[in-house]
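The following exercises are to be worked with the sequence and coordinates at hand. Each task is followed by a stepwise solution.

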Amino acid sequence: MSDDNDSGGIIGTIISVLILAAIWPYLLALLGIYIANMVVLAMLTWIAENWILTISFIAGILAMYCIFKYKLISKAWKYVFAKAQPNAIEVRLDGLPGSTERKFIPSTNLYCYWCTKKLGIRAWEMNGKYFCRDCYENKLGSN
Ligand SMILES: [Zn+2]
């Protein structure tokens, strides 16, 4: 009597474990769908209640993205200008003698680009660089 009950109990346990093993992925999937549904509902409810905050949050992210992009663009422009500048100077140096770039610099708070001598009254500017008169004439002579 007690033996039959024990074996029946064991068989029943084994069967229920097998059934559970067979259906647990579906149970898990159902649970997952239920939780996802709850989360989406909660999010939608929160957004509906705080739509101003949500919109401003999205706008903030967009603004940050735009600023980031703008910085990238300005960096790219700086890079392009930095690349273009040496070429421009080369072109200008070709037509150096008697060039109209040459101009007199009244300021004395500058140093010569070539010999680093402090520039006096007789200083010259060429392509954004400053030269003392000697260096300027030497450079003209070497060209
Ligand atoms: Zn000099």
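**Exercise 1. A backbone outlier in a loop**

Task: Determine whether Thr116 is buried or exposed, and describe its backbone setting.

Solution. Step 1: the relative accessibility of Thr116 is 58%, and because exposed means over 50%, Thr116 counts as exposed. Step 2: Thr116 is placed in the loop between β1 and β2. Step 3: its phi is near 55°, a positive value in a residue other than glycine. Most residues other than glycine have a negative phi. These values, like those that follow, come from a predicted model.

**Exercise 2. Coordination of the zinc ion**

Task: Identify the protein donors of the zinc ion and classify the arrangement of the donor atoms.

Solution. Step 1: the SG atoms of Cys112, Cys115, Cys132 and Cys135 are the protein donors, and they lie 2.2 to 2.3 Å from the zinc ion. Step 2: the angles that the four donor atoms subtend around the zinc ion run from 102 to 116°. Step 3: four donors count as tetrahedral if all angles lie between 85 and 135 degrees, so the arrangement is tetrahedral.

Task: Write the sequence spacing of the donor residues and state where Cys112 and Cys132 are located.

Solution. Step 1: the spacing pattern is C-x2-C-x16-C-x2-C. Step 2: Cys112 belongs to the loop between β1 (103-104) and β2 (123-126), while Cys132 belongs to strand β3 (residues 129-132); the two are 20 residues apart, and the pair links distant parts of the chain. Step 3: the relative accessible area is 3% for Cys112 and 4% for Cys132. Because buried means under 20%, Cys112 is buried, and Cys132 is buried too.

**Exercise 3. The largest nonpolar core**

Task: Which residues make up the largest nonpolar core, and which element gives the most to this core?

Solution. Step 1: the core has nine residues in all, namely Cys112, Leu119, Ala123, Trp124, Met126, Phe131, Cys132, Cys135 and Tyr136. Step 2: two or more of these residues come from each of β2, β3 and α3 (133-142). Step 3: β2 gives the most, with three residues. Zinc donors recur here: Cys112, Cys132 and Cys135 are among the core residues and among the donors.

**Exercise 4. Aromatic pairs with Phe131**

Task: Classify the ring pairs that Phe131 forms with Tyr113 and with Trp114.

Solution. A pair of aromatic rings is described by the distance of the centres and the angle of the planes. Step 1: the whole structure contains four aromatic pairs. Step 2: for Tyr113 and Phe131 the centres are 5.9 Å apart and the planes stand at 75°, so this pair is edge-to-face. Tyr113 lies in the loop between β1 and β2, 18 residues from Phe131 in strand β3. Step 3: Tyr113 is partly exposed at 45% relative accessibility, whereas Phe131 is buried at 2%. Step 4: Trp114 and Phe131 are stacked, with 6.2 Å centre to centre and 25° between the planes. Trp114 lies in the loop between β1 and β2 and Phe131 in strand β3, so the pair ties together parts 17 residues apart in sequence. Step 5: Trp114 is partly exposed, at 47% relative accessible area. Step 6: Tyr113, Trp114, Phe131 and Tyr136 form one aromatic cluster.

**Exercise 5. Confidence of the model**

Task: Which element has the lowest mean pLDDT, and which the highest?

Solution. Step 1: the mean pLDDT of the protein is 78, with 76% of its residues at 70 or more. Step 2: the lowest mean among the elements is that of β1 (56), and the highest is that of helix α1 (residues 2-49), at 86. Step 3: over residues 88-96 the pLDDT is below 50, and this stretch has twelve contacts beyond near neighbours in sequence. Where pLDDT is low, the predicted coordinates should not be read in detail.

Note on methods:
Residues numbered from 1 in each chain as written. Predicted model: local features only at pLDDT ≥ 70, side-chain atom pairs only at ≥ 80, totals over all residues. Heavy atoms only, no water. Donors = N, O, S within 2.8 Å, 3.2 Å for Na, K, Ca; no water. Tetrahedral: all angles 85-135°; square planar, octahedral: opposite > 155°, others 65-115°. Helix = DSSP H or I, 4+ residues; strand = E, 2+ residues; numbered from the N terminus. Buried < 20%, exposed > 50% of the residue type's maximum accessible area, 1.4 Å probe, protein only. pLDDT = per-residue confidence, 0-100. Contact = heavy atoms within 4.5 Å. Core = buried A, V, L, I, M, F, W, Y, C linked by side-chain atoms within 4.5 Å. Phe/Tyr/Trp six-rings, centres within 6.5 Å; stacked < 30°, edge-to-face > 60°.
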